[in-house]
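Here's a quick look at one chain, from its inside to its outside. Have the viewer open as you read.

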Amino acid sequence: RRSKPFKLSIIKQVSGSPCYGMFDEEENKIYIFHNNCFNIRLLIQTVLHEYTHYLQPIRGSYKKLMNEHGYDNHPMEVEAREMEGYYLNVWNKIKFEI
């Protein structure tokens, strides 16, 4: 896994297909697009999803797997969606107990 801490940038997405966030492996940076995250749930899901990509061995294998599986069935995307769902359930339990 990565030894260098990631950077976080919360910005407005101004071009491209609308998305909530992205991880740039070259810059080791997570981008969160605040204009697309309409509520706290989407914000938390996006941070969890992109943080999962930070932990994954993206470099070298992401594009190859994308060509083989496409986005929806890409193993790294599937894992990131599973992690956002799992930890969002943890968050839901915590917020109702506070």
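What follows covers the core, the main pocket, a salt bridge and a surface patch.

This is a predicted model, so to speak of local features we need pLDDT of at least 70, and side-chain atom pairs count only at pLDDT 80 or more, while totals for chains, interfaces and linings use all residues. Numbering starts from 1 along each chain as its sequence is written, and side-chain values use heavy atoms, leaving out hydrogens and water.

Start inside: the largest nonpolar core (buried Ala, Val, Leu, Ile, Met, Phe, Trp, Tyr and Cys residues joined through side-chain atoms within 4.5 Å) has ten residues, among them Phe23, Leu42, Tyr62 and Met76. Elements giving two or more residues to this core are β3 (29-33), α1 (40-55) and α2 (62-69); helices (H or I, at least four residues) and strands (E, at least two) are DSSP runs, numbered from the N terminus.

Next, the largest share of the largest pocket's lining, six residues, comes from α1.

Now the salt bridge (a Lys or Arg side-chain nitrogen within 4 Å of an Asp or Glu carboxyl oxygen): the count is one. Glutamate 68 pairs with lysine 64, with the closest N and O atoms 3.7 Å apart. Both sit in helix α2, four residues apart, about one turn.

Here's how three side chains rate on exposure (buried is under 20% relative accessible area, exposed over 50%, partly exposed in between; 1.4 Å probe, protein chains only).

| Residue | Relative accessible area | Class |
|---|---|---|
| Lysine 64 | 54% | exposed |
| Glutamate 68 | 49% | partly exposed |
| Isoleucine 94 | 41% | partly exposed |

Isoleucine 94 is found in helix α3 (residues 75-97).
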